[in-house]
Amino acid sequence: MKNPGNWYLNVVQQTVRIAPSILSADFARLGDEIRAIDEAGCDYIHVDVMDGHFVPNITMGPPILGKLKPHTAKPFDVHLMIAPVDHLLDAFIVAGSDIITVHIEASPHTHRTLQAIKAAGLKAGVSLNPQTPASAVAHVMDLVDLVLVMSVNPGFGGQSFIESSLDKIAELRAMIDATGRTIDLEVDGGVTPETAPRVVAAGADVLVAGTAVFKDGLAGYAANIAALRG
Ligand code: DX5
Ligand code: ZN
């Protein structure tokens, strides 16, 4: 008889965390919106920073981030869709970021940027666009606390989930497990109650969702977050 403990060792109880993307929130009431998703049970606040250069959209920067910080104690999961990055890093650190995620495509020196984020005492994340292979982050896996898989082309909310992301998520789950380190595997873009189960089954443990959380207005936030946890 096989060792009865084996099955237990393979049943990893993944606690799925939910990071609502405030890109889909009411920008005219961002403080209220952040308090609302906090009270609705989110785990992280996902802040999409866009510069109109790395992605064809512009959102917010350190001044707004700093004003939002007092409205919640939940971690600010800051997704920098900007290039270059390094000249603005200190401002995002001072503004109150808890996790800063940079795109591996945004600089030839992402390793050094990640070192700087860690040196400031924050958690460091690296993100991959849909066309970027998992292997692109192989040599920063010893540095990062989070890997962010873009399951849409970054720049806008409300897009459709790119199905080929599932293979990349599984590949990165294996890469993360091989490190023996604690690294969040976060997925971002087109995550809904329909796609979430497949994303988690592929190995993700943090789900970013904008439209799926904010679509029904304030009254729906708690139910929408719960629906993503499955
Ligand atoms: C896209 C952003 C995502 C986006 C997710 O560039 O990085 O966080 O806001 O929005 P949904 O969940 O609507 O796809
Ligand atoms: Zn994002």
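## Strands and their pairing

Two strands are said to pair if DSSP finds at least two bridges between them. In this predicted model, strand 7, which covers residues 184–188, and strand 8, which covers residues 206–209, meet that description, pairing in the parallel sense over three bridges. Within this pair, V187 stands opposite L207 of strand 8.

## The sheet and a helix packed on it

Strands 7 and 8 belong to an open sheet of eight strands, arranged in the order 1-8-7-6-5-4-3-2 with parallel pairing. The edges are formed by strand 1 (17–20) and strand 2 (45–50), each of which pairs on one side only, and from one strand to the next the twist averages 25°.

Helix 5, made of residues 110–119, packs on this sheet, where it touches strand 4 (99–103) and strand 5 (123–128), and the direction of helix 5 makes about 150° with that of strand 5.

## The zinc site

The zinc ion (ligand 2) has as its protein donors H46 through NE2, D48 through OD, H79 through ND1 and D188 through OD, and these lie 2.0 to 2.3 Å from the ion. Along the sequence, the donor residues follow the spacing H-x1-D-x30-H-x108-D.

The arrangement around the zinc ion (ligand 2) is octahedral because its six donor atoms subtend angles of 67 to 174°. For comparison, the ideal angles for six octahedral donors are 90 or 180 degrees.

Two of the donor residues can also be described by their accessibility, for which buried means under 20% relative accessible area. H46 has 0% relative accessibility and therefore counts as buried, and D48, with a relative accessible area of 6%, is buried as well.

Notes
Residues numbered from 1 in each chain as written. Chains lettered and ligands numbered in written order. Predicted model: local features only at pLDDT ≥ 70, side-chain atom pairs only at ≥ 80, totals over all residues. Heavy atoms only, no water. Donors = N, O, S within 2.8 Å, 3.2 Å for Na, K, Ca; no water. Tetrahedral: all angles 85-135°; square planar, octahedral: opposite > 155°, others 65-115°. Buried < 20%, exposed > 50% of the residue type's maximum accessible area, 1.4 Å probe, protein only. Helix = DSSP H or I, 4+ residues; strand = E, 2+ residues; numbered from the N terminus. Axes fitted to C-alpha atoms, helices over the stretch in contact; angles between N-to-C directions. Contact = heavy atoms within 4.5 Å.
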